[in-house]
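Biologist: Before any discussion begins, please place the chain before us. I shall then ask about its features in turn.

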Amino acid sequence: MPPSGQSTIPSGWCPPSPRASAHHPVRVVIVAPDPCCSQPRLWQREPLTHVRGSDWHVSPFTIIHAICNLCPTYYSEYDAAQINDAPALAAPARNGCRETTVTHLSGNQGPGGQIPRGVADFFWEEAQARRTAEANLLKLFRTWGYGDVIPPAFEYAGTLTDRGNQALQGELCRFIDRDGSMLALRADMTIAVARLVGTRLHDRPMPQRFCYAGNVFRDVEARAGQQREFWQAGIELIGSHAPDADAEVLALTARALQVSGIPVFQIVLGQMQYFSGMLEALALNEDNHLRLQAAIDRNSEAQLAAFLETAQLPATQRTALERLTRLSGPHVEEILAEARRHALNPTMTGAVDNLAAILDSLAAFGLLDHVTLDLTEIHDLGYYTGITFEALAPGLGFPLASGGRYDHLVGTFGAPQPAVGVAFGIDRLLLARRTRAEHPTHPAPLAPDLLVSTLHDAICLTLVEALRAAGLTVAYDLAHATGEALVANARSQGIASALEWLGAAGALYTLTENPGDTAVQTIPATVLLETLLNHPALRPVASGAAAGDRP
C-alpha cells in the first residue's frame, strides 16, 4: 500500500492507456457529462477540448486527462495528441463513456535514434571513467567500514514529497503504477537509506554505515554539471549524535576528493541550528521571516540591509544579524569566537559548541586547511537538522559534494535515529578532473594492453588467463592473423603490443608510431609469462584492480 497521504486512483478508475505510436493507436475514453452539470471536469494544460451538452466536439489537446464527477477516469499524459474525432464520437457510448482513437502524436517524440534532453550516452573512455570513479569511491568507503546498499530505482512519490523540500518535490520524475499509485524515480539516495533503516534495520546495532553508487533523476534544466539523470556515490552514518561522526564523514569526504583526483578543494561548513536559533530569538512574522530567509539564501548584503531598515529589532538582535554575514572564512577560531559573542540563545551557543567539537576532531585528521566556515550556509533538502557542507573546487561554479546531519529523517519511517551523510556527483568530479587536465580528451575506445593470436591453442589460452589475472587487459585477435597482418590489426585498434603464438614460443611485436620500426622478439614458451609480465611495454597492476586505474 502507498504510504499515508499518498494519492491513489479510486476504485472504478480505468488503467492508463499505452503510449501511442504509428502502429499502436491509443484508445481514449471521453467521459460522459454528469447529468447534474453541463460538462465534465477536464484536466489539461491548454483548454482545447470542448464539450457542449450532448454535442461532443474534441479538438487537439496536450494532455489526455479527463475526470467526471459521475464516473472518475484517469488517463496517461501525451504531448500534442491529435484526435480523429468524427467516426469514434458517433459510436454508441458504453458505461456512460465514449471512445475515440489517437492515431498520431505530433509532440516531442524526437526522430528515431535521438534521446530526450537531460540524459546522455556514455561509452568507451567516458563510460569506463564513470565506472572507475564509482569503483574507487566504493573501495575507499568500504575501507572505512561502510557496507553497500542498493536502493530501488523508484519509490512511492509520497515517500519523497513528504520529506523533501519544495524544490526537490518539484523536480521529481513521476509516473503512475498499474494499481494507480503515484511513483517517482529516485531523486535522492538518503531518503531511501533512511527508509530502509527505519522500517527494516531499526533493531540492529548502531551505528550503521552504508555506501552506495548509482543514478538519480531530477526534472531540471540540463546544464554543465547537472543533467536530468546523473550519478551519485555517497555514504550514510546512522545512529550516532557524536561530533566525531560528523568529523568522520567530513574527513572521508576530503579523502574521497583526493582519491578522485581533486587535490585542491575547500569544504564549506555551516550549522543550521545557528540560523534557526537566530530566527527563534527574532520571533519574526511570516513576511519578515521570508524576507530574511531570502536575503541569507542569496547571501545578499543589499537585501539584508533593506530588511534591517524596515524590521524593528532590538539593538542586540540587530547587531547579531548584521554580524551574521561576516561569520564566514578560513579563520575558524576567530569566526567561532565571534559567533559565540553574538549568540542570542542556547540554540545558537549549542551550534557553536558543536562546530568547535567537530573542528577539534578534524584537526587530528590534518584537514583544517581544507575547511572554511560559513554560518550563513543553510543548504537544505528539507531534512537537515545540524551541520551542512559543500565541497568546492577552483574554477567550478557548483559543489562536487554536499551533505549534512539529518537527525529526524529516519524517525519519519520508524524509531528515531541521528544520522549524517554526504553525496558526491560523479559527473561533477569527472568534469572537475577534466578542467584540471592540460589536454582535454575526446571519447575513444580504451585499447587493451595486448592483442593475442592464439591459433586455438589451449596452452596459449591458459597463458592469456594468467596475464589477465596479473592485471593486464588482453584481447583475442579473432582473425587469428600472423606476422604483419597481426601487427596491422593491433595498430588499427590502438594496441601497442601483439603476441603471435608459435607453439613452442611466442612472437612479441612492440609497435611504435613509425610502422617501419616495429620490434619483434621470439620468446620460449617456458619463460613467456615471466617475460611478458616484466616487459617494459606491459605494466600489469595488482590482481583485482580496475584497468582504468593504470597510469
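Biologist: Among the contacts in the protein chain with a separation of 6 or more, what percentage joins residues 24 or more positions apart?

Modeller: I should say at the outset that this is a predicted model. The protein chain contains 16 helices and 24 strands. Of the contacts with a separation of 6 or more, the share from residues 24 or more positions apart is 64%.

Biologist: What percentage of the residues of the protein chain counts as buried?

Modeller: A residue counts as buried when its relative accessible area is under 20%. Applied to the 551 residues of the protein chain, this gives a buried share of 46%.

Biologist: Which residues have the most contacts inside the largest nonpolar core?

Modeller: The largest nonpolar core has 74 residues. Its largest share, nine residues, is supplied by α6. Inside this core, the residues with the most contacts are F141, Y274, L292 and L321.

Biologist: Which residues does L321 touch, if those up to four places away in sequence are not counted?

Modeller: Contact here requires heavy atoms within 4.5 Å. With residues up to four places away left out, L321 touches M278, L282, L292, L304, F307, L308 and L313.

Biologist: How many residues make up the other core, the one that includes A187 and Y212?

Modeller: That core lies apart from the one with 74 residues. Y384 and V410 are also among its members. The number of residues in it is 28.

Biologist: How far apart are the end C-alpha atoms of helix α6?

Modeller: Helix α6 covers residues 243-259, which is 17 residues. At 1.5 Å a residue the expected span is 24 Å, and the model agrees with it. The end C-alpha atoms are separated by 24 Å.

Biologist: Is α6 mostly covered or mostly uncovered, and how many of its 17 residues are buried?

Modeller: The buried residues of α6 include D246, E248 and T253, as well as V249, L250, L252 and L257. The helix is mostly covered, and the number of its buried residues is twelve.

Biologist: Which residue just after α6 takes a positive phi?

Modeller: The phi in question is about 85°. The residue that takes this value, just after α6, is G261.

Biologist: What span should helix α14 have, given its twelve residues?

Modeller: Helix α14 comprises residues 458-469, and the rise is taken as 1.5 Å a residue. Its end C-alpha atoms are 17 Å apart, which agrees with the expectation. The span it should have is 16 Å.

Biologist: Within what arc do the buried residues of α14 fall?

Modeller: The buried residues are C460, L463, V464 and L467. Seen down the axis of α14, they line one face of the helix, because the arc within which they fall is 100°. On the other side, A458, I459 and T462 are exposed. The arc asked for is therefore 100°.

Biologist: Against which elements do the buried residues of α14 pack?

Modeller: One of these buried residues, C460, has a relative accessible area of 0%. The partners are three strands and one helix: β20 (450-453), β21 (474-476), β22 (497-501) and α16 (528-533).

Biologist: Which side chain reaches the backbone nitrogen of I459 at the start of α14?

Modeller: The approach is made by a side-chain oxygen, to within 2.8 Å of that nitrogen. The residue that supplies this oxygen is D457.

Biologist: Is H456 buried or exposed?

Modeller: H456 lies in the loop between β20 and α14, and its phi is positive, about 60°, although it is not a glycine. L455, in the loop between β20 and α14, has a phi near 55° and counts as partly exposed at 40% relative accessibility. The cut-off for exposed is over 50%. At 66% relative accessibility, H456 is therefore exposed.

Biologist: Which peptide bond has omega near 0°?

Modeller: P207 is placed in the loop between α5 (189-200) and β12 (208-217). An omega near 0° makes the bond cis, and this bond runs from M206 to P207.

Biologist: What distance separates the C-alpha atoms of G414 and V197?

Modeller: G414 is found in the loop between β18 (401-405) and β19 (419-425), and is partly exposed at a relative accessible area of 29%. Along the chain, G414 and V197 are 217 residues apart. The separation of their C-alpha atoms is 8.2 Å.

How values were computed: Residues numbered from 1 in each chain as written. Predicted model: local features only at pLDDT ≥ 70, side-chain atom pairs only at ≥ 80, totals over all residues. Heavy atoms only, no water. Helix = DSSP H or I, 4+ residues; strand = E, 2+ residues; numbered from the N terminus. Expected span 1.5 Å × (residues − 1). Buried < 20%, exposed > 50% of the residue type's maximum accessible area, 1.4 Å probe, protein only. Arc of directions from axis to C-beta. Polar contact = N/O pair within 3.5 Å; in protein donor to acceptor, adjacent residues only side chain to side chain. Core = buried A, V, L, I, M, F, W, Y, C linked by side-chain atoms within 4.5 Å.
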